[in-house]
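Trainee: Please take one part of this model, the packing of its helices, and go through it closely for me. I would like a connected account that also touches on the surroundings, with the reasoning spelled out where a class is assigned.

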Amino acid sequence: MANDLSVFLKQLILRPREISAAIPSSRRLARMMADAVPDITGSIAELGPGTGRMTQALLDKGARPQNLSLFEINAVFARHLTIKFPEVSVHNQSAQDMTAAGLNNLSAVVSGLPFLSIPLPIQREIIRASFDVLAPNGVYIQFTYGRKLPIHPEIIEQHSLSAKRFGLVWGNLPPAQVLVFSR
Ligand SMILES: C[S@@+](CC[C@H](N)C(=O)[O-])C[C@H]1O[C@@H](n2cnc3c(N)ncnc32)[C@H](O)[C@@H]1O
């Protein structure tokens, strides 16, 4: 299996807009995203897993591979993830289409998507699909590099979401904060 960094960098050159990050997230950021999941043994969807840094952190934290569903738009990353995590469901599908996978009652949606660079109509679809598959007390976890909330205020209001800052990882490049959104 090709190594994660070379797979990531090759796709970054081919599809810079979809990937929108110069390197994969740091292990510390991945661990903090996993720490933010309130029920790690419940069903979890991960959006935009890339080469699987956050997937690994979720599994290390105790997530059950059979309860984990990955949605990755990039076919090369999806194939890499299938080989790396044979017990995890990998969907080579866009995050906004996740409702078609028949998921429901999830405890968390963990997003590694470059949310601020995603157009507003797609952001709307991703958040709608996420809260469609989440349990009523389920959470949407998103990291962001800036200080402002990564989800547009109009979407936050539409779904009556509240945002909680879970933590900040200075050691990530660039530093990133982890936010937990719930209804
Ligand atoms: C910034 S990279 C993050 C990769 C990994 N989560 C990490 O933190 O290292 C963003 C990932 O989201 C994927 N992506 C972008 N738009 C997507 C969409 N609409 N649905 C699913 N995956 C998407 C890209 O292919 C890429 O793998």
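**Helix packing and its surroundings**

Mentor: In this predicted model, helices α3 and α4 are oblique to each other. The reason is the angle: the axes of α3 (residues 27–35) and α4 cross at roughly 50° and come within 8 Å, and an angle counts as oblique because it falls outside the ranges under 35 degrees, 65 to 115 degrees and over 145 degrees. The crossing by which α3 passes α4 is right-handed. On the α3 side the contact is made by R27, L29, A30, R31, M33, A34 and D35, and on the α4 side by R53, M54, A57, L58 and K61. Sorted by class, the residues of this contact comprise seven nonpolar and five charged ones, with no polar residue.

A second pair of helices can be read in the same terms. Helix α1 (residues 4–14) packs with helix α5 (residues 75–84) at an angle of about 165°, and their axes are 10 Å apart. That angle makes α1 roughly antiparallel to α5, because the class begins over 145 degrees. In this pair the crossing is left-handed. The residues that meet are D4, V7, F8 and Q11 from α1 and V76, F77, H80 and K84 from α5, and by class they divide into four nonpolar, two polar and two charged.

Helix α4 also leads to the surroundings, since it has a part in the largest pocket as well. That pocket holds about 810 Å³ of space, and α4 (53–61) is one of the elements that give two or more residues to its lining, together with α2 (16–19), α6 (120–133) and β5 (134–144). The lining has 41 residues, and those nearest the centre of the pocket are E18, I19, G112, L113 and P114. As for class, 22 residues of the lining are nonpolar, 14 are polar and five are charged.

Turning from the helices to the loops, two backbone details deserve a careful check in your own viewer. In the loop between β3 (89–91) and β4 (106–111) you will find N105, whose phi is near 60°, a positive value in a residue other than glycine. In the loop between β6 (162–169) and β7 (176–182) lies P174, and the peptide bond that runs from L173 to P174 is cis, with omega near -5°.

Definitions and conventions
Residues are numbered from 1 along each chain as its sequence is written. This is a predicted model: local features need pLDDT of at least 70, side-chain atom pairs count only at pLDDT 80 or more; totals for chains, interfaces and linings use all residues. Side-chain values use heavy atoms; hydrogens and water are left out. On a 1 Å grid over the protein atoms alone, a cavity is a set of points where a 1.4 Å probe fits but cannot get out, and a pocket is an open set with protein on both sides within 12 Å along at least five of seven lines; lining residues have an atom within 4 Å of a point. Grid points are joined across faces, edges and corners, and a volume is the space filled by probe spheres set on the points. Helices (H or I, at least four residues) and strands (E, at least two) are DSSP runs, numbered from the N terminus. Ala, Val, Leu, Ile, Met, Phe, Trp, Tyr, Cys and Pro count as nonpolar, Asp, Glu, Lys and Arg as charged, and the others, Gly among them, as polar. Axes are lines fitted to C-alpha atoms, for helices over the stretch in contact, and angles run from 0 to 180 degrees between N-to-C directions. A crossing is left-handed if the near helix is turned anticlockwise from the far one by less than a right angle, and right-handed if clockwise. Contact means heavy atoms within 4.5 Å.
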